[in-house]
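Grab a viewer and warm up with a couple of exercises on strands and how they pair. Try each task before you peek at its solution.

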Amino acid sequence: MATAPSAASRIAVVTGASSGIGAATARKLAAAGYRVVLTARREDRIEALAKEINEAGHQATAYPLDVTDRAAVDEFATAFKTIAVLVNNAGGALGADPVATGDPADWRTMYETNVIGTLNLTQALLPRLEASGDGTVVVVSSTAGHGTYEGGAGYVAAKHGAHVLAETLRLEIVGKPVRVIEIAPGMVKTDEFALTRFGGDEEKAAKVYQGVAEPLTAEDVADTITWSVTRPSHVNIDLLVVRPRAQASNSKVHRDL
């Protein structure tokens, strides 16, 4: 059983909290006793989620934020003296073209959101995490960051960057009271991930999960994040790869067709 934090005043910041894994993680951490701060660009979504969490008897605050806007991130950080947890979840994929024809603008956007956004929040909040005396940085990467596949080079490169950021940070701050956890999900079916990747093409998005009886859900990944965060302070889950049973690798998936 996960243990709740010792004080309800402990703050967990979740980026990309407007939908999918981010929203599910915010709900789970709030239920575990954290005061969650929800950040995303879509203010209406995070306001609605904060209201839901508060009405359930937990604590949540919404803060509209673009993680790629460093000035806005720095201003956001001034609101806190200490925080307990930072979940770097904001990111996503765009396109599935081969290297020969991939759109550089898509690659740039993916790098900015998945890597620079994570860097911005981590740099801005690391002093507050350290000041807590027991901080945790979570980087939500992907199995894409650990294995290539055709049509995925831009996203793979971005998520590999997120993986390397987490791995290097852990080396650089060892001895300080801050853990660095990387969660690398495989195939997760959410309302928006594949649809966004394929520019709103519902047919292409549906084919990603075609014949897969039970891909992971956002709640599955949120459970994994919350379990990792709520381990005893001396326990660091360096890297946790989580896939559905039907997925053996990025390129080998069992489908009932």
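Two exercises with worked solutions follow.

The model is predicted, so to speak of local features takes pLDDT of at least 70 and side-chain atom pairs count only at pLDDT 80 or more, while totals for chains, interfaces and linings use all residues. Residues are numbered from 1 along each chain as its sequence is written, and side-chain values use heavy atoms, with hydrogens and water left out.

**Exercise 1.** Work out which strands pair with S4 (residues 85-88).

*Solution.*
- Strands here are DSSP E runs of at least two residues, helices are H or I runs of at least four, and both are numbered from the N terminus.
- Two strands pair if DSSP finds at least two bridges between them.
- Strand S1 (residues 11-14) runs parallel to S4, with 3 bridges; Ala-12 is matched with Val-85.
- S5 (residues 135-140) is also parallel to S4, joined by 4 bridges, and Leu-86 has Val-137 as its partner.

**Exercise 2.** Find how many residues of S6 (residues 178-185) are buried, then trace the route into S6 from S5.

*Solution.*
- Buried means under 20% relative accessible area, exposed over 50%, partly exposed in between (1.4 Å probe, protein chains only).
- By that cut-off, 8 of the 8 residues in S6 are buried.
- Val-178, Val-180, Glu-182 and Ala-184 point one way, and Arg-179, Ile-181, Ile-183 and Pro-185 the other.
- From S5, the chain passes through helix H5 (residues 153-172) to S6 in a right-handed β-α-β crossover.
- Right-handed means that, with the strands pointing away from the viewer, the path from the first strand over the helix to the second runs clockwise.
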